[in-house]
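Student: Please take a close look at a single part of what is shown below, and then follow its surroundings outward in one connected account. I would like each term to come with its cut-offs.

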Amino acid sequence: MMKTTVKNILRMVADLTSMPTGAFNIRLNGGCEARQNSEHVTITPKENGLGIDIAVEPNTRGEVVYIPVVVDASGFVETVYNDFFIGENCDVEIVAGCGIHNDGHSLSQHDGIHTFHLGKNARVKYAEKHYGEGDGDGQRVLNPVTEVYLDEGAYMEMETVQIEGVDSTNRVTRGVVNKNATFVVKEKLMTSGKQRATTTFDVQLNGEGASTNVISRSVAKGDSFQEFLSKIDGNAPCAGHSECDAIIMDNACVKAVPEITANHVDASLIHEAAIGKIAGEQIVKLMTLGLNREEAEAEIVNGFLK
Amino acid sequence: MLELKNISFAVKEPNENKKEILNNINLTIQDNRFVIITGPNGGGKSTLAKIIMGIEQPTQGQILFNGQDITHMDITQRAKLGIGFAFQQPVRFKGLTVKELLSLATNKEVNQHQLCEYLSQVGLCAKDYIDREVNASLSGGELKRIEIAMLMARGVKLSIFDEPEAGIDLWSFHNLIQVFRRLRDEKNGSVLIISHQERILEIADEIVVVSAGQITAHGSREEILPELLNNADSCRFYKAQQRSVNA
């Protein structure tokens, strides 16, 4: 019988309310809570227990693979390596995500290192949510690393969300994009209190027709700190765009450091960054609709991070 | 009924001098009246509208709404009492959709049918806009029409439109007049419009002329409009506006 805290975290990070029908792996405090393969998706635990290999057969289409992680033991610290091998011409969805419930005084930490190898013309939609909760004063730390290798014509869309409860996070995403492949990243992040979040994107556009679009939207509240580092190298005729858009509130600090390098004359690279508080006129407009100031702020923030 | 009593509004200029924007305004708007405020640019019309909504606080005077003193109420309280405002330059919201804003305006989850009803009045097809974010991807004209639709959807006792014609193309303007005509005929509340447009003035029950921070004329359309159009001395502002619009 699954504990309520575990069920809640699975719902928060993977929208799971029951066991999925396809392939899945649920990791709880370093162990395997449940695992299932499907006809075309095989999940194999690594021999050292520190992760899994997920192999998706070529031409697999329409499957959703769930690999959520739950840590609810205060003081539990782990580094996990998950490797994804996506065959040619696949079109699949992968739902990851990690939640920490910490009612104790000790640090709980999960560092998930995910490496994706997408075969020719494969398409992956990858969603990961990070979430923390619990009444203890023990820190909740998540340091996800995502490395993506896209073969010719492959497409990956990564949606990464961290909305609440994580005290410290260092998020690293690296992409190597080959001919006619596309890597899209959409990040949504909110920090409050004394939380700290560092996000690093490093995308290498190596093939002709390679493209990337990295979009980060964040809200920093309280005394929190956010740092956004974005690096795109255009090494071929390619197109790259990165965008950091942050709302800053209270005494928070947001830092955006863009870096775009064109190593080829036909590399077209753009970076946009905007940091600012909620516009007073936005609040006034919503107040004229009958919302009070706090409700107006909440609607603006929720809409921005939706 | 809205009553403005001895309303004044002043701001401090960078050199610390006091600048009077509104000076001792007295104005009563009866229920279900369709009132246009007109006058030269910089005369204080928009400030007056903002003072009614609570966006600006008067430095002196009293505002009564249906007999209740609302002078010190904030925007939210006035909105809840039934005052609504459509901005001259509508604000954009990254992430909030047309549907979400209209749901906030009506305080309920609006369905496709209702969206069609609200948006078609301003010449927009709901299907094209339902999930559109109210962000920089919308043109100024689209944004303006959504702003007007939001206020009409609220169905409040007093609707204030600040220059609704600004940024609207000719075709939409024709429809806008029809919309305002219908609002006037339905008599479901008072409508206060800041406008320079003759065609909007032509459908007014009453016209108020605000110039240099004061009400220089107030009366029925029949009384005021001919004077505005014909009296060269008092209407240079108005003819200049018309020339620029028609150019």
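Tutor: In chain B, strand S1 (residues 2-12) and S2(B) are antiparallel partners joined over eight bridges, where strands (E, at least two residues) and helices (H or I, at least four) are DSSP runs numbered from the N terminus, and where two strands pair if DSSP finds at least two bridges between them. One position on this pairing can be given exactly, since B:Leu2 has B:Ile29 of S2(B) as its bridge partner. This is a predicted model, in which local features need pLDDT of at least 70 and side-chain atom pairs count only at pLDDT 80 or more, while totals for chains, interfaces and linings use all residues. Residues are numbered from 1 along each chain as its sequence is written, and chains are lettered from A and ligands numbered from 1 in the order in which they are written.

The two strands belong to an open sheet of four strands in chain B, ordered S2-S1-S4-S5 with antiparallel pairing. Its edges are S2 and strand S5 (68-69) of chain B, each of which pairs on one side only. In general, strands of a sheet pair through backbone hydrogen bonds, either parallel or antiparallel.

Beyond strand S2 (18-29) of chain B comes the loop that leads to strand S3 (34-38), and B:Asn32 lies in that loop. B:Asn32 is partly exposed because 15 other C-beta atoms lie within 10 Å, a residue being buried at 20 or more such atoms, exposed at 12 or fewer, and partly exposed in between, with C-beta atoms placed from the backbone. Apart from neighbours within four places in sequence, B:Asn32 is in contact with B:Lys187, B:Gly189 and B:Ser190, contact being defined by C-beta atoms, placed from the backbone, that lie within 7 Å. B:Gly155, which is 123 residues from B:Asn32 in sequence, is 12 Å from B:Asn32 in space, C-alpha to C-alpha.

Chain B also touches chain A, through a contact that takes 18 residues from each of the two chains. On the side of chain B, helix H2 (75-81), strand S6 (83-86) and helix H3 (98-106) each supply at least two residues, and the largest share, four residues, comes from H2(B). By class, this side of chain B has 11 nonpolar, four polar and three charged residues, with Ala, Val, Leu, Ile, Met, Phe, Trp, Tyr, Cys and Pro counted as nonpolar, Asp, Glu, Lys and Arg as charged, and the others, Gly among them, as polar.
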